[in-house]
Structure formats: structure tokens, C-alpha cells
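Q: I should like to learn how metal sites and charged side-chain pairs are read from a model. May we work through one case together?

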Amino acid sequence: MAVGRTAAPAHPARPGRPVLRPAREMPKRRAFGSPAGRIALLHALAHIELNAIDLAWDIVARFSGEDLPRSFFDDWVGVAAEEAAHFALLADRLGDFGMRYGDLPAHDGLWEAAAATADDLLARLAVVPLVLEARGLDVTPEMVARLDRVGDMPSAEILRRIYRDEIGHVAVGLRWFDRLCRMRGLVPEEVFHERVRRCFKGDLKPPFNHKARAAAGFPARYYEPLAR
Ligand SMILES: [Fe+2]
Ligand SMILES: [Fe+2]
């Protein structure tokens, strides 16, 4: 397929359910020992992955008019395909509990990062793969360990798969962020600090998963200075 040109919609099309509510009204997912706690976790993660599909395609569509190599678009199509696989795995696992995506409310804050970075590709790459997806690498091992402890091996295995793939998504984000900065004669980590401070609400939360971030090629000098 040729890379066409299009205007990305402000919001992606969404199913009638889940009902979107403020983040503070989300069902608690503290107690993984109960099915309800794990259902809440799987549902929240499915919702994140649905947003991730949209975010990957939004980069392709929104920045189609910029002078970018073909491989840029191929990389994000690859990310979108993996996000779709993640969504499908989580939605299937919800089915094992007799639930479907949409049966619980979800929060509506996830598209804010897209809106805040809609007209600046460097800001989008800084905030979406390099802040939000990198944050996923920080928090996922603990969730996997808790699922292992309560004996939910199928859910733990899905999260391990997602974790491995997400290292690749951070790597894709960093590769293009660095490359675009250098093409414009900019110093990548300086641009990263400036864009995150301007476009992302709040500080980055330690502790960081340095091992996974390093596996993605993401050096601490980018994110450490932005830590709380
Ligand atoms: Fe994902
Ligand atoms: Fe991802």
C-alpha cells in the first residue's frame, strides 16, 4: 500500500460500551486473589490496549503529510498489529471469566495524551511511547508476579507477552525520536525534557525498570531528570 494523505479524526470511533467515567470511579483492581479483582485488571488493560491500537494508527494517519521515510509508517503499522493482538488476548481471557470488554466502565483520560500532542510529532513520540509505554514496562513485572502468586498462569502469560512486545514499542519510539531530532539538528534528550515538561501533566514516577528500558535502548539520562 502507498502511504496516502489524510486528516486524522480528533477522536477514534468507539463502541457504545464501555461507559467512560472519571479515573477515580474505576473499579478497584487491588485484590488479585478474587476473580473480580483480576477481571477489573484485565478489563482495564484491554481498554489501554484498545487505546494503544488507536494511538498507533493515529500516528500513521496524523503525520502522513510529513516528509517521513516509508519505514516510519511500517514500524507503526507493526506496533498497531501487536496492540491488536494484545487486545484480543485480554478480551479472550475476560471471556474465560464470563465477561466481555465493555462490561465494566473504563476511564476517558487515555486519549488526552493524543490530543495534547496532535500537532507535534516529536511531542507525540516523547509522550506516548517514551513516557506512557515506558511506564508500562515499570509496572508490568509486579502485576505478573502478583498473578503468578495467586496461580493465574494464563493471565500472567498474556502479560509477559505484552511486556516483551512493549519493549519493542519503546525501542521503535526512541529510534524515530532520536532520528527525527538529529535530522533537525536537535539534541534528543534536551528535546525530550522540553516536550515532556510541556505536554505531559506531572512528573515521571520512579522506580523505573532500568533493565527493560535499557533493553529498549532508552538511556536513563532521558527520563531520570524528569523524575519526581
Ligand atoms: Fe500493547
Ligand atoms: Fe505498545
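A: Glu83 bridges the iron ion (ligand 1) and the iron ion (ligand 2), and these two ions lie 3.6 Å apart. The model is a predicted one.

Q: Which protein donors surround the iron ion (ligand 1)?

A: A donor is an N, O or S atom within 2.8 Å of the metal in the case of iron, so a residue may be listed once for each contributing atom. For the iron ion (ligand 1), Glu49 appears twice through OE atoms, and Glu83 (OE), His86 (ND1) and Glu166 (OE) complete the list, at 2.0 to 2.7 Å.

Q: What spacing do these donors of the iron ion (ligand 1) follow along the chain?

A: The spacing is E-x33-E-x2-H-x79-E. Glu49 in helix H1 and Glu83 in helix H2 are 34 residues apart, and the pair links distant parts of the chain.

Q: Is Glu49 to be classed as buried or exposed?

A: Residues under 20% relative accessible area are classed as buried. Glu49 counts as buried because its relative accessibility is 6%. Glu83, at 0%, therefore counts as buried as well.

Q: Which residues supply the protein donors of the iron ion (ligand 2)?

A: They are Glu83 (OE), Glu133 (OE), Glu166 through two OE entries, and His169 (ND1), lying 1.8 to 2.6 Å from the ion. Along the chain, the donors of the iron ion (ligand 2) have the spacing E-x49-E-x32-E-x2-H. Glu133 belongs to helix H4 and Glu166 to helix H5, so this pair ties together parts that are 33 residues apart in sequence. Both Glu133 and Glu166 are buried.

Q: Let us turn to charged pairs. How many salt bridges does the count give?

A: The general idea is that side chains of opposite charge can pair when their charged atoms come close. The cut-off is 4 Å between a side-chain nitrogen of Lys or Arg and a carboxyl oxygen of Asp or Glu. By this rule the count is 21 salt bridges.

Q: Where in the chain do Asp58 and Arg124 lie?

A: Asp58 is in helix H1 (residues 35-62) and Arg124 in helix H4 (residues 121-149); the two are 66 residues apart, and the pair links distant parts of the chain. Their salt bridge has its closest N and O atoms 2.8 Å apart. Asp58 has 5% relative accessibility and therefore counts as buried. Arg124 likewise counts as buried, because its value is 0%.

Q: What distance separates N and O in the salt bridge of Asp152 and Arg93?

A: The N to O distance is 2.9 Å. Asp152 sits in the loop between H4 and helix H5 (153-183), whereas Arg93 is in helix H2 (residues 70-96), 59 residues apart from Asp152. Both Asp152 and Arg93 are buried.

Q: Why are Glu194 and Arg198 separated by about one helical turn?

A: The separation arises because the two residues are four apart in helix H6 (residues 188-199). Glu194 and Arg198 form a salt bridge whose closest N and O atoms are 2.7 Å apart. As for accessibility, Glu194 counts as partly exposed at 32%, and Arg198 counts as exposed at 53%.

Q: Which residues are joined into one network by salt bridges that share partners?

A: The network consists of Arg38, Arg93, Asp96 and Asp152.

How values were computed. Residues numbered from 1 in each chain as written. Chains lettered and ligands numbered in written order. Predicted model: local features only at pLDDT ≥ 70, side-chain atom pairs only at ≥ 80, totals over all residues. Heavy atoms only, no water. Buried < 20%, exposed > 50% of the residue type's maximum accessible area, 1.4 Å probe, protein only. Donors = N, O, S within 2.8 Å, 3.2 Å for Na, K, Ca; no water.
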